[in-house]
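Reader: Got a minute to walk me through this one? Pull it up and let's start with the strands.

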Amino acid sequence: MKLDHFSHPHPLVLVEDQEMDWISIIYYCSACQQRVEGSIYTCSECDFCLHKSCAELPREIIHPSHTSHPLVLYEKRSKVRPGVGSWRCDSCDKLYKLSEQLFVYHCSSCDFDLDIKCALLPNLITQGLPEFQHFSHRHSLFFIQNHHIEPQDRSCSACEEQIQGPFYGCFVCLFFLHPKCIELPLEIKHPSHRKHSLTLLPNPPPHPEKCSCHLCTKAFKGFLYYCSLCEFGIKIKYIFSKVLEVESHEHPFTLVSRPITFTCDACGIDGEKYSVPYTCTVCDLIVHKDCILLPSIIKQTRHKHPVSHIYFLEENEGKNKVCRFCWDEINVEYGSYHCLDCDYFLHVNCAMDKYWWDEDFGVNDESQKSNEALEILSDNKWASITCVLKKMSRGEDEIATEIKHFSHQHNLILSDEIKDDMCCDGCIRSISTEFYYCTEYDYSLHKHCAELPRKTRHWSLKTTLTLHHNHFFHCNWCCSFCSGFGYTVHSEVMCIRCFEVSDYFTTQGHEHPLFYDRKYERNCSSCETRIGYFRCKDGDFALCYRCVVLPHITWYKYDEHPLALTYHDDHVVDQCFCEICEEPRNPNHWFYHCDICDYSVHPSCVLWRSPYVKLGLTSTYDFHPHPLTFVKEDFEYFECNNCGKRGKYGRKRCKNVFAKCSESHCKFALCLYCLLGLPELRTHEVSVKKKAGGYFEVIKVFKR
């Protein structure tokens, strides 16, 4: 069964639930970004797919939370308002990127937005569900037996615990209650306040500021039991069973009914002054209530193995352990997460940062499925080398000497005969080791670039990346213009250089190791123009992605010697300037230097504004009748036909790369910023330099 859907240019084919067994790779629905399960509609020409339920969503709805106008379905929010930035669901307050591929219901009159999950919740009301009137809420509550609400999406308005299993709800106000909270008695006696009865209140009373729960000392939120005579109150969650049994621990935990001072054995963090813990008398453990529910095993995207929770380390396992997220020391006498296969530890709080959780990993059966899926990513059918034509033995290993590669139409031959100025067409870096080359066209790949997987995972992302060969793209990590290979995920592209960066590394430019910290907000110490997410634990030093991937050695055509990346200049500020643009340099910023010639330059000047775009590459575009060739301003100046400037940086002497018409009689040229920003950009053909005769011939390679 085929479907022409408004959100996709190609027909979609229905794949029934029983036919899903052959799909081994993890795919996500382009409408709701949830992992595909059950029947789906998929595109045979690309990776686009939709849940059957998402594909059948109505284009227009009237929603209980916005009854004044109908809401119209769009495939992504940027279709309503093009540009960059973010939008927020007006129901759950969740933030999304404008460019993110995610369906949204939108009212243009009120600028009102609902994501798919929030938009579909009220549909449950139409199923004839039983109603219930509760004293705490002005609307009727509907009893929901079976639902698809994820636990992190909704919490109980009474006890603040996550919604799991059946619940009562009002979808107009997004008010939800557990069945056990519905059945709470209106008045109770409690051992922590024996003098008077406690009355159930749906909201905290009008009270002096900083009024808090007697047991946990935290501000009231949700339902509470309260004594108005003594101004004494406790939260609902302390009323339920004092004994908790969880699968992650073999013995039950018992609530301590009186506030005490303690250090949690599960996470190593001191309990707030006079807070209420739980104890295991058999193991002599005392823990926060939240720590009782810590998962025993989790999978982080930043480590290849699952990590398990432990309460302490044995003496022979060592004492000096550091957390591999924050790089602070771990107190081995208290709980942490530990990889059983290698010396890898995490603080409990660092491990609980769900930003890094691999959502495709689960405990027991689910973990097995996830591990199988990850193994498939390295299977031969996903390799970049589509066919090995010839092999040779090298010691115990077999080396492919002639291959077919997905990025090129001709066979590629292995060679170690390196010539001057050879450049890899995959990573656009110079070739200094073994490489594959085409005998008919000027096309070469590093051996390791040719062996990159077509589909893989990256430590910074939760989803699968796909390798593409692009003529021209913008890396969303280092913000560089690039050509060659790039890993794509949704609408973003990661260049090969950024893909190879680890979350922890050492650099010659700093005495201490650097690690990735997504919450760090200081500028890069090398350029001061971008956020330095890779930072040093012991100081204020940090680097952005662009500076991390700077080559250690580069060349400038007017200097016969190589220029080395240099990290500090001891000269006074007045003597620091760039030899190319003749403008001042900050002595604390990184620069390239030749010791022999005493020649110093800005990285952006010697590497041009676009160091990873291959010059001479020619592509054709719909918006211009002739092919455009990537060239660098040198002695000839080009003016962008779109913005009218000589590149983004105007008339500076640092040269810019342009896409210039290859026809000598046509003066059409675009700076790379305008080329990338043209909405009608569609590359259909690419040309490469043919060795015999030294001319350019346009050949069809692929469509993008």
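**Strands, hairpin and overall numbers**

Author: Sure. In this predicted model, strand β2 (residues 12-15) and strand β3 (residues 40-43) run antiparallel and are joined by 4 bridges.

Reader: Which residue does Leu 12 stand opposite in β3?

Author: Leu 12 faces Cys 43 there.

Reader: OK, and what sheet do those strands belong to?

Author: An open sheet of 4 strands, in the order β1-β2-β3-β4, with antiparallel pairing. Its edge strands are β1 (2-3) and β4 (49-51), and each of them pairs on one side only.

Reader: Jumping further along: how many bridges pair β36 with β37?

Author: There are 4, between β36 (residues 481-489) and β37 (residues 492-495), again in the antiparallel sense. One of the residues involved is Tyr 487, whose bridge partner in β37 is Met 494.

Reader: What about the turn? Which residue has a positive phi in that hairpin?

Author: That would be His 490, with phi near 55°. The hairpin of β36 and β37 has 2 residues between the strands.

Reader: Zooming out, how many helices and strands does the protein chain have?

Author: The count is 11 helices and 51 strands.

Reader: And what share of the residues is buried?

Author: Of the 704 residues in the protein chain, 48% are buried.

Reader: How about the exposed area, what do carbon and sulfur supply?

Author: They supply 49% of the about 36700 Å² that the protein chain exposes.

Reader: Last one, contacts: what fraction comes from residues 24 or more positions apart?

Author: Among contacts with a separation of 6 or more, such pairs account for 50%.

Terms used: Residues numbered from 1 in each chain as written. Predicted model: local features only at pLDDT ≥ 70, side-chain atom pairs only at ≥ 80, totals over all residues. Heavy atoms only, no water. Pairing = 2+ DSSP bridges. Buried < 20%, exposed > 50% of the residue type's maximum accessible area, 1.4 Å probe, protein only. Contact = heavy atoms within 4.5 Å. Areas by Shrake-Rupley, 256 points an atom, 1.4 Å probe, with all protein chains shown as cover.
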